[in-house]
Amino acid sequence: MDAVTWALLATAALLVAYNWYKSYLQEKAEEERIEMEIRTQKLKAENRKKLYRDMSTKELRQYNGENDQPIFLATRDIIFDVTTNPGSYGPDGGYGVFGGRDASRGLGKMSLDDEDCDVRDISDLTAYEVETLDQWIRMFLHKYPIVGRLTDSVCGKVPQEWIEQMKDEKARGIDRSILPGGLDDDNDGTS
């Protein structure tokens, strides 16, 4: 092989090495970006947990996803943290009207009307609407953390089915109790 061939081979080898190194650096930067995003999301989740407590409907209003706030919603006096689903419950989400509000009536009636939010009395819902609301709550219980309870409660007794579900979760090491005093054997959630 002559000098020109060697020069071409060396140039090709350098280009391959350069492209490999460039690709390696891009992958490394992407891995670091992902790790930073994971750390940021974990920190945000830990900071949200500091907000977990019982609160009034007035206090709940500030947690609607605006101005970098978490997104909480309440239904049947249980407050859920739905921040992980901003596409649904955030200010621009399909169910965004429920962010920071009591969504009991709206969920039961399958209504996104503003006048169906923060209506605390749901005694006039039909049996079908109550079942619809309970289906939403069952989904929330499986999918989202419980923040606390509304302190200006009007919905009444916690359904026995939910108490049993929470007892089962507690037995498996998951304690998401919303009941005063926890889930001991003497507490049936009616206090």
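**Figure 1. Aromatic rings that pair up: Tyr63 with Phe72.** Eleven aromatic pairs turn up in this structure, which is a predicted model. In this close-up, the rings of Tyr63 and Phe72 sit 4.8 Å apart, centre to centre, with 35° between their planes, and that makes the pair tilted. Are these two residues buried or exposed? Both Tyr63 and Phe72 are buried.

**Figure 2. An edge-to-face pair: Tyr95 with Trp136.** Here the ring centres of Tyr95 and Trp136 are 5.4 Å apart, and the angle between the planes is 75°, so the pair goes down as edge-to-face, since anything over 60 degrees gets that name. Which parts of the chain does the pair tie together? Tyr95 belongs to the loop between α3 (86-89) and α4 (104-109), while Trp136 is part of helix α5 (residues 127-143), so the pair ties together parts that are 41 residues apart in sequence. The two partners are covered to different degrees: Tyr95 is partly exposed at 29% relative accessibility, whereas Trp136, at 13%, is buried. Now look around the pair, too. Tyr95 and Trp136 belong to one aromatic cluster, together with Phe80, Tyr89, Phe98, Phe140 and Tyr144.

**Figure 3. A nonpolar patch on the surface.** Which residues make this patch? They are Trp20, Tyr21, Tyr24 and Leu25, and the nonpolar surface they make comes to about 460 Å². Pick out Tyr21 as your landmark: you'll find Tyr21 in helix α1 (residues 3-49). With a relative accessibility of 46%, Tyr21 counts as partly exposed.

**Figure 4. Ser56 and the residues it touches.** Ser56 sits in the loop between α1 and α2 (57-60). Its relative accessibility is 17%, so Ser56 counts as buried, because the cut-off for buried is under 20%. What does Ser56 touch, once residues up to four places away in sequence are set aside? Its contacts are Leu150, Thr151 and Asp152.

**Figure 5. A buried salt bridge: Asp81 with Arg48.** Side chains of opposite charge can pair when their charged atoms come close. A search of the whole structure turns up twelve salt bridges. In the one shown here, the side chains of Asp81 and Arg48 meet at 2.9 Å, N to O. This pair links distant parts of the chain, with Asp81 in strand β2 (residues 78-81) and Arg48 in helix α1, 33 residues apart. Both ends are tucked away: Asp81 is buried, with a relative accessible area of just 2%, and Arg48 is buried at 13%.

**Figure 6. Asp118 with Arg61, a bridge between two loops.** The closest N and O atoms in the salt bridge between Asp118 and Arg61 are 2.7 Å apart. Asp118 is in the loop between α4 and α5 and Arg61 is in the loop between α2 and β1 (72-75), so this bridge ties together parts that are 57 residues apart in sequence. Asp118 is partly exposed at 26% relative accessibility, and Arg61 is partly exposed as well, at 41%.

**Figure 7. Arg105 with Asp124, and a network of bridges.** Arg105 and Asp124 form a salt bridge whose closest N and O atoms are 2.6 Å apart. How many residues apart in sequence are the parts it ties together? Arg105 is in helix α4 and Asp124 in the loop between α4 and α5, so the answer is 19 residues. Arg105 counts as buried, at 10% relative accessibility. Some bridges share partners: that is how Arg61, Arg101, Asp114 and Asp118 are joined into one network.

How values were computed
Residues numbered from 1 in each chain as written. Predicted model: local features only at pLDDT ≥ 70, side-chain atom pairs only at ≥ 80, totals over all residues. Heavy atoms only, no water. Phe/Tyr/Trp six-rings, centres within 6.5 Å; stacked < 30°, edge-to-face > 60°. Buried < 20%, exposed > 50% of the residue type's maximum accessible area, 1.4 Å probe, protein only. Helix = DSSP H or I, 4+ residues; strand = E, 2+ residues; numbered from the N terminus. Patch = residues over 30% accessible without salt bridge, like charges linked within 9 Å, V, L, I, M, F, W, Y side chains within 5 Å. Areas by Shrake-Rupley, 256 points an atom, 1.4 Å probe, with all protein chains shown as cover. Salt bridge = Lys/Arg side-chain N within 4 Å of Asp/Glu carboxyl O. Contact = heavy atoms within 4.5 Å.
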